[in-house]
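User: I would like to go through this complex with you, chain contacts and ligand sites included. Could you take my questions as they come?

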Amino acid sequence: MGSETRGPQGFETAIHSGPNTVAEFHQRRSVVSQLRQLLHQTPSIVPLIVLVAATIVFGIILGGRFFSAYAMTLILQQVAITGIVGAAQSLVILTAGIDLSVGAIMVLTSVVMGQFTFRYGLPPFFSVACGIGVGALIGYINGFLVARVKLPPFIVTLGMWQIVLATNFLYSANETIRAQDIETQAPLLQVFGETVRVGGAVLTYGAIMMVVIVCVLAYVLRHTAWGRHVYAVGDDPVAAELAGVQVKRILISVYVLAGIICALAGWALIGRLGSVSPTSGQFENINSITAVVIGGISLFGGRGSIIGMLFGALIVGVFSLGLGMYGTDPQWTYLLIGMLIIAAVAVDQWIRKAAA
Amino acid sequence: MGSETRGPQGFETAIHSGPNTVAEFHQRRSVVSQLRQLLHQTPSIVPLIVLVAATIVFGIILGGRFFSAYAMTLILQQVAITGIVGAAQSLVILTAGIDLSVGAIMVLTSVVMGQFTFRYGLPPFFSVACGIGVGALIGYINGFLVARVKLPPFIVTLGMWQIVLATNFLYSANETIRAQDIETQAPLLQVFGETVRVGGAVLTYGAIMMVVIVCVLAYVLRHTAWGRHVYAVGDDPVAAELAGVQVKRILISVYVLAGIICALAGWALIGRLGSVSPTSGQFENINSITAVVIGGISLFGGRGSIIGMLFGALIVGVFSLGLGMYGTDPQWTYLLIGMLIIAAVAVDQWIRKAAA
Amino acid sequence: AAPAMAQDKTISACLITKTDTNPFFVKMKEGATAEAKKLGVNLKTYAGKIDGDNESQVAAIETCIADGAKGILITASDTKAIVPSVKKARDAGLLVIALDTPLDPIDAADATFATDNMKAGELIGQWAKETLGDKAKDAKIAMLDLAVSQPSVGVLRDQGFLKGFGIDLGDPKKWGDETDPRIVGHEVTAGNEEGGRKAMETLLAKDSGINLVYTINEPAAAGAYQALKAVGMQEGVTITSVDGGCPGVKNVEAGVIGATSQQYPLKMASLGVDAIAQFAKEGTKPKPTEGKSFFDTGVQLVTDHPVEGLPSIDTKEGLKLCWG
Amino acid sequence: MDQKGSCVMEPILKARGLVKRYGKVTALDHCDFDLYPGEVLAVIGDNGAGKSSLIKALSGAVRADEGQIFLDGKEMHFSSPLDAREAGIETVYQNLALSPALSIADNMFLGREIRRSGFMGKYLRTLDRKTMGRLAREKLNDLGLLTIQNIDQPVETLSGGQRQGVAVARAAAFGSRVVIMDEPTAALGVKESRKVLELIQDVRARGLPIVLISHNMPHVFEVADRVHVHRLGKRLCVIDPKLATMSDAVALMTGAKQPEASMEAA
Amino acid sequence: MDQKGSCVMEPILKARGLVKRYGKVTALDHCDFDLYPGEVLAVIGDNGAGKSSLIKALSGAVRADEGQIFLDGKEMHFSSPLDAREAGIETVYQNLALSPALSIADNMFLGREIRRSGFMGKYLRTLDRKTMGRLAREKLNDLGLLTIQNIDQPVETLSGGQRQGVAVARAAAFGSRVVIMDEPTAALGVKESRKVLELIQDVRARGLPIVLISHNMPHVFEVADRVHVHRLGKRLCVIDPKLATMSDAVALMTGAKQPEASMEAA
Ligand SMILES: Nc1ncnc2c1ncn2[C@@H]1O[C@H](COP(=O)(O)OP(=O)(O)OP(=O)(O)O)[C@@H](O)[C@H]1O
Ligand SMILES: Nc1ncnc2c1ncn2[C@@H]1O[C@H](COP(=O)(O)OP(=O)(O)OP(=O)(O)O)[C@@H](O)[C@H]1O
Ligand SMILES: [Mg+2]
Ligand SMILES: [Mg+2]
């Protein structure tokens with residue numbers, strides 16, 4: 001057994017005399033590949049470009065009516081709800097999940113805020129808190145089922161969507177609470193409908209809240225440990241777990257936070273509509289997913305930025321307003337938005353493929 | 001360099017004198033674990049058990065009315081459309097995809113069959129062929145985008161859903177073709193509405209077609225190379241590709257076949273409604289996904305049986321009819337079905353976890 | 001107030017419908033478009049995604065304001081919830097006319113051109129009661145409604161029917177709380193054939209003795225008929241409906257539907273467009289019908305089996321007046 | 001750096017000037033390759049040198065951006081692993097390429113299923129599970145590689161070593177021209193590795209040439225007839241393990257030494 | 001089969017009677033384990049013997065069904081890898097546990113991020129990227145393991161060997177009590193493997209005990225102070241590589257031989 005000496009095997013001695021660099025290769029540098037590289041590094045640039053381009057095109061077609069401060073801020077108002085819900089959706093999708101119940105949570109919480117005030121006569125402040133609590137609770141149930149029982153998010157939230165919506169109709173008895181009543185008895189509920197005017201620009205607090213939520217989340221996702229962990233969980237949950245991320249806790253916190261943001265959206269919805277209407281917002285799940293996808297966040301999780309989602313929502317807003325003003329049949333608008341969705345991911349895919 | 005002899009390293013000689021078995025372990029055998037094992041091996045047993053249980057419970061509550069041949073076959077009739085569409089959905093989900101456009105394809109193809117006959121005066125047979133062609137074409141576009149452009153199926157079919165639905169409304173001009181007109185001028189379109197009566201049992205050709213499609217697909221998936229490849233693609237597309245499966249071709253063929261099956265569902269829909277109505281079936285995508293999920297097919301692809309989907313559809317049918325006959329508020333029905341979805345996957349998960 | 005931007009010479013107006021998939025609204029749109037073309041009004045149309053989609057309608061109103069439209073015609077999805085947005089539009093100087101469905105409160109709009117949906121329901125309810133005669137006492141009624149969210153049209157027609165039939169309504173603002181044993185059950189149909197058939201089947205399984213069917217609209221009625229036909233019960237059961245669309249009236253003619261209450265969306269739409277054109281030129285607003293808080297575009301019972309004391313038109317007449 | 005002329009045999013598998021780029025990285029940089037009939041050719045090189053990329057290009061798993069591949073002197077254009085397989089090249093990939101939920105038999109016959117004879121097979125395309133199961137068991141037994149009880153159990157229920165065995169057995173059983181193995185023993189224990197090496201020698205004995213990628217020098221020097229040294233995306237040289245030592249090989253692949261004529265294979 | 005009594009030191013990491021079942025398989029079957037301060041303990045065994053399962057139980061990645069784990073004599077109940085890490089046990093898992101889309105620095109500090117000092121860090125919980133970047137670079141350089149240009153590049157852009165390096169460096173840099181490495185060299189080339197072995201010796205020189213799982217006998221016998229032989233889910237024996245030969249080790253782990261007192265470690 002002559003070969004059984006301890007220490008490095010003989011043939012390995014040569015290593016130390018070799019160059020100490022890792023394998024390196026020539027790099028090509030064409031303009032296209034450099035562009036792709038840039039786009040890859042900052043994925044929210046693509047939706048930004050599309051947004052600017054769409055705005056310019058509609059501006060040229062529709063002229064001053066569209067390019068006015070009023071119309072521009074109107075878009076912001078119109079996407080406020082989708083933007084806020086989209087922020088919740090982005091969080092969930094970054095963890096490689098999906099939340100089909102966001103719109104339902106939003107409506108139910110707005111109904112809770114309204115009914116607690118008017119049916120039970122609770123102080124509006126307290127009702128709002130209860131609404132947010134309900135949002136957090138539903139989020140917690142979603143999160144619990146996803147993280148602990150390990151059910152696929154699609155199914156959990158598909159079921160929850162139906163459950164919450166049915167609860168909403170049963171609880172509200174399909175009754176709308178009128179704007180006048182809210183105005184006189186509980187103006188706090190409408191606070192996000194208040195506007196700030198700067199020249200022709202009309203900003204609602206709701207729109208401002210959307211921007212604030214997105215900015216805060218962008219900060220949190222990028223600059224805090226929790227944010228990094230959200231990305232890690234979406235990227236590869238097993239690896240994240242082994243690397244010391246508390247995957248279950250992160251997942252649950254994400255769903256709870258999404259529920260809370262949806263409740264804020266519900267509050268903003270009251271401001272936007274003036275009234276509390278249990279039939280609103282049933283399609284917010286599709287709208288928010290659309291915004292997220294056009295904004296370049298990967299449905300497989302772990303990649304994308306929440307700012308992109310905001311651009312995505314605005315793109316849809318620009319298209320709807322622009323096509324509406326142009327006088328297109330609404331069905332054509334849906335058709336174009338359908339194509340936009342596919343085109344957006346196709347571009348995204350192209351960038352990724354190139355720069356991988 | 002004494003250690004550099006050719007041939008096995010010295011220390012390896014001991015191997016051949018060792019036992020030649022792979023590592024083996026003790027096996028536990030409790031009743032629960034054996035049950036889990038059985039359930040794991042034949043995943044469609046769970047939905048079957050739920051189905052039987054639900055039928056018995058409703059039978060006890062509702063008595064003879066529910067346990068009649070009429071009510072039983074009625075459920076079959078009511079789930080015929082969902083079952084056919086669910087067969088298409090199952091195929092797609094087995095490849096780890098999802099098809100949100102199934103319902104839209106179904107409606108559009110039924111409209112094409114109707115309008116081609118009545119607007120252009122084409123022979124019904126030809127119109128039906130055109131409808132099936134349209135279904136295949138849309139399926140092909142979906143498949144192309146998924147397989148070749150490599151876009152996520154969720155996005156592709158989300159966009160396609162909106163595009164097809166908008167096209168449907170634009171093309172049909174929202175006009176219904178009346179049952180009487182079809183009956184007199186193009187009875188072929190209604191053929192799947194014809195009934196076969198056996199005692200109190202009333203079977204439509206549509207329901208029979210559903211059973212036939214499911215059985216044929218069950219055979220194909222289990223006993224042909226194509227079927228095995230569908231599972232392999234859903235299981236791990238990269239591995240399947242390397243192992244010699246033509247992944248792209250399989251994916252495209254699956255989406256095309258799904259489109260064709262949806263077109264057949266569209267034909268069956270005309271039979272069921274008597275008329276051609278462009279507003280029907282918009283939520284068939286959600287219904288079919290629900291059936292697939294309750295039936296135990298994994299949304300991650302590669303696992304589950306199409307027979308399970310049929311049981312899943314029947315479970316939903318039993319619940320809606322049972323609750324409807326019991327006189328539950330329709331809202332409660334929605335709520336219960338939402339819970340059913342979550343419960344179904346929770347049970348499934350439990351089985352998998354145990355037997356993995 | 002938002003500025004009415006570019007002062008185009010052409011008058012522009014908006015039509016906002018609940019959905020653009022229901023034939024009723026599609027026809028309304030066609031009527032409005034035709035009238036607008038005649039008057040040289042630039043009409044843009046908007047719609048919600050489903051019945052009850054209030055948000056899309058709010059966005060549509062805002063778009064119209066931004067677009068500098070002179071007036072808005074709206075069939076509100078949520079008659080209460082839309083009010084603040086309507087107020088915004090009126091504050092911005094637009095004429096807002098509610099079509100088909102009055103707002104709540106009704107004076108939230110400048111004018112209302114509407115069918116009385118409660119009345120429409122009452123007519124078929126009364127007709128059914130008279131037609132069944134003595135059997136009305138122990139009728140078995142299937143109620144095929146619109147949606148679980150109970151949008152107001154659905155509630156008004158349903159409750160109108162029951163009122164006309166002489167059933168105690170409970171809370172007239174919602175269906176499903178009645179205790180009369182003659183009602184077999186309420187099911188929802190989404191207002192289309194598929195839903196109509198499934199709902200009918202479910203109720204038939206519940207009680208195969210059903211002999212009277214109320215349906216929210218004629219597509220649902222057609223679906224219900226298919227379900228009855230499938231079990232060979234089409235002869236003994238009376239179906240009533242609301243709308244008066246051409247396929248519906250033809251179904252009355254064919255005996256599929258016993259009676260339907262016909263409304264006039266084309267009339268509503270063209271009257272609305274006229275009113276906006278008038279307002280833009282002269283600044284005058286339309287006046288409501290004498291004795292009512294809205295301009296009633298009328299509803300008539302269409303049946304080939306008229307009953308004593310209930311004015312109705314036959315299907316020949318109905319076909320002349322039908323929409324689409 | 002060219003193959004020394006004096007060889008009378010034509011290479012069975014030959015590649016010239018292969019280039020493969022991944023974004024910024026050039027994984028193959030005008031790489032040449034020669035495999036002669038009946039030999040075991042080892043490919044060695046640093047991590048990231050491009051060995052797997054070379055193998056993938058040869059087996060159709062990726063398409064090279066430039067360059068040509070010849071099988072028996074005929075230029076081939078493989079656009080999928082299936083093409084290569086149909087030409088007789090079987091590959092064990094570094095990441096195995098087994099479908100976890102399918103059975104062992106299904107996996108072995110994936111993409112080359114056997115249909116029943118007669119009507120059922122011809123028109124209904126029914127698979128002949130019995131024959132496939134029998135053949136799969138035979139092949140596994142023949143190779144003496146595994147003691148697997150149930151040929152129908154899903155691959156995911158096997159241990160890592162057993163899976164590796166199935167993949168290797170599949171390639172060895174079906175390869176008709178060339179068998180390629182990318183690090184077949186990386187995750188294997190001492191005993192399991194030994195079985196794979198024995199298998200390689202069995203296959204060579206059947207006359208099939210084998211390409212073996214490995215980081216394990218003793219294994220390489222034990223079974224290889226020639227050693228292709230890969231460095232920085234190209235073939236640095238081909239050495240003869242009987243003339244060169246492991247130290248030489250390591251020195252060459254890490255760049256500590258330049259190739260010398262004395263070590264090169266004929 | 002118990003540890004021979006005569007050892008004066010207490011094990012730093014000790015396990016008794018660990019049981020772990022996966023469905024039908026019992027991956028750990030009343031397994032014992034002892035790691036003494038300052039030593040390199042190698043764990044060897046066949047594929048599927050349960051080595052990774054043992055390591056996962058020790059590092060909190062899975063929860064054992066039965067049995068106890070002691071760190072410095074105190075019984076521990078790890079319910080997640082984080083718990084174990086906070087107790088000072090760092091692990092390199094067989095499948096690395098890196099997040100591909102995150103940067104090298106992010107990965108190194110995952111779960112132990114450093115916050116800024118002052119208001120930003122305390123109330124806004126802002127991360128101190130600068131410090132983390134600097135420290136990450138220092139650790140990587142200290143270990144002389146990698147020549148990585150950009151500490152902020154995503155891990156997915158690294159080659160397999162470089163990734164392995166990041167994982168090993170992370171464990172070595174942060175382990176305060178015990179470092180566990182599960183086949184750290186399986187996918188590595190000769191040069192890269194050598195660096196990892198040198199690193200192991202560096203870490204031992206710093207006084208940290210190491211658990212090394214490997215199928216590579218020469219490596220094991222080169223660096224290990226004691227060798228834990230794992231067979232059929234339990235510890236068969238612990239041998240002293242200075243007393244026993246590689247042949248003995250292989251014979252033991254494959255079941256060709258029963259443990260003898262003469263080989264066992266003190
Ligand atoms: N799909 C891919 N996308 C991007 N880069 C890739 C891809 N596959 C390989 N590379 C890169 O190409 C180079 C060569 O990789 P390859 O896998 O061929 O190396 P290798 O010699 O097989 O290394 P190892 O010994 O670690 O398996 C590496 O730098 C790797 O990062
Ligand atoms: N997550 C799991 N689910 C089911 N079975 C598992 C799981 N992890 C491990 N096993 C089984 O447990 C047994 C021991 O596996 P383990 O990974 O601990 O072996 P190992 O000694 O590390 O092998 P290797 O040397 O191949 O890494 C094997 O039979 C394996 O199939
Ligand atoms: Mg490789
Ligand atoms: Mg292991």
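**Contacts and ligand sites**

Analyst: To begin with a pair that does not touch, no contact (heavy atoms within 4.5 Å) joins chain C and chain D, and their closest C-alpha atoms lie 36 Å apart. Chain C and chain E likewise have no contact, with closest C-alpha atoms 36 Å apart.

User: What should I know about the model and its conventions?

Analyst: This is a predicted model, in which local features need pLDDT of at least 70 and side-chain atom pairs count only at pLDDT 80 or more, while totals for chains, interfaces and linings use all residues. Residues are numbered from 1 along each chain as its sequence is written, chains are lettered from A and ligands numbered from 1 in the order in which they are written, and side-chain values use heavy atoms, with hydrogens and water left out.

User: What ipTM and pTM does the predictor give the complex?

Analyst: The ipTM is 0.84 and the pTM is 0.86.

User: Which chains share the most contacts?

Analyst: Chains A and B do, of the eight pairs of chains in contact. Chain B contributes 44 residues to that contact and chain A contributes 45. The buried area (the accessible area, with a 1.4 Å probe, that two parts lose on being put together, summed over both) is about 3,800 Å² between chain B and chain A, and carbon and sulfur atoms give 80% of it.

User: Which three residues of chain B supply more of that area than any other three?

Analyst: They are B:I155, B:Q331 and B:I342, which supply 15% of the area that chain B buries against chain A.

User: And how many residues does chain C place against chain A?

Analyst: On the chain C side, 35 residues are in contact with 39 residues of chain A. About 3,100 Å² is buried between chain C and chain A, with carbon and sulfur atoms giving 53%. The chain C residues that lose the most area to chain A are C:K49, C:E55 and C:K80, together 19% of what that side buries.

User: How confident is the predictor in chain C?

Analyst: On pLDDT (the predictor's confidence in each residue, from 0 to 100), chain C has a mean of 86, and 97% of its residues reach 70 or more. Among its helices and strands (DSSP runs, H or I of at least four residues for helices and E of at least two for strands, numbered from the N terminus), confidence is lowest in strand β11 of chain C (residues 295–296), at a mean of 81, and highest in strand β8 of chain C (residues 212–215), at 95. Over residues 1–8 of chain C the pLDDT stays under 50, and the model has 15 contacts beyond four places in sequence for that stretch.

User: Same question for chain D.

Analyst: Chain D averages a pLDDT of 82, with 92% of the residues scoring at least 70. Helix α4 of chain D (residues 118–123) has the lowest confidence, at a mean of 74, and strand β8 of chain D (residues 210–213) the highest, at 93. Residues 1–6 of chain D have a pLDDT below 50, and this stretch has twelve contacts in the model beyond near neighbours in sequence.

User: Turning to the ligands, which residues come nearest to ligand 1?

Analyst: Of the 14 residues around ligand 1 (those with a heavy atom within 4 Å of it), D:N47, D:G50, D:K51, D:S52 and D:S53 come nearest.

User: What polar contacts does it make?

Analyst: For polar contacts (pairs of N or O atoms within 3.5 Å; within protein, one must be able to donate a hydrogen and the other to accept it, and residues adjacent in sequence count only if both atoms are side-chain atoms), one partner of ligand 1 is D:K51, with a polar backbone atom 2.7 Å from a ligand oxygen. A polar side-chain atom of D:S52 lies 2.6 Å from an oxygen atom of ligand 1, and an N or O atom in the side chain of D:S53 is also 2.6 Å from a ligand 1 oxygen. Accessible areas here come from the Shrake-Rupley method with a 1.4 Å probe, and for residues only the protein chains shown count as cover; ligand 1 taken alone exposes 640 Å², of which the protein buries 73%.

User: Which elements give two or more residues to the shell around ligand 1?

Analyst: These are β2 (25–35) and α1 (51–58) of chain D. The most comes from α1(D), with three residues.

User: And ligand 2?

Analyst: Around ligand 2, the nearest of 14 residues are E:N47, E:K51, E:S52, E:S53 and E:H215. A backbone N or O atom of E:K51 lies 2.7 Å from an oxygen atom of ligand 2, and a polar backbone atom of E:G50 is 2.9 Å from a ligand 2 oxygen. The protein covers 74% of the 640 Å² of accessible area that ligand 2 has on its own.
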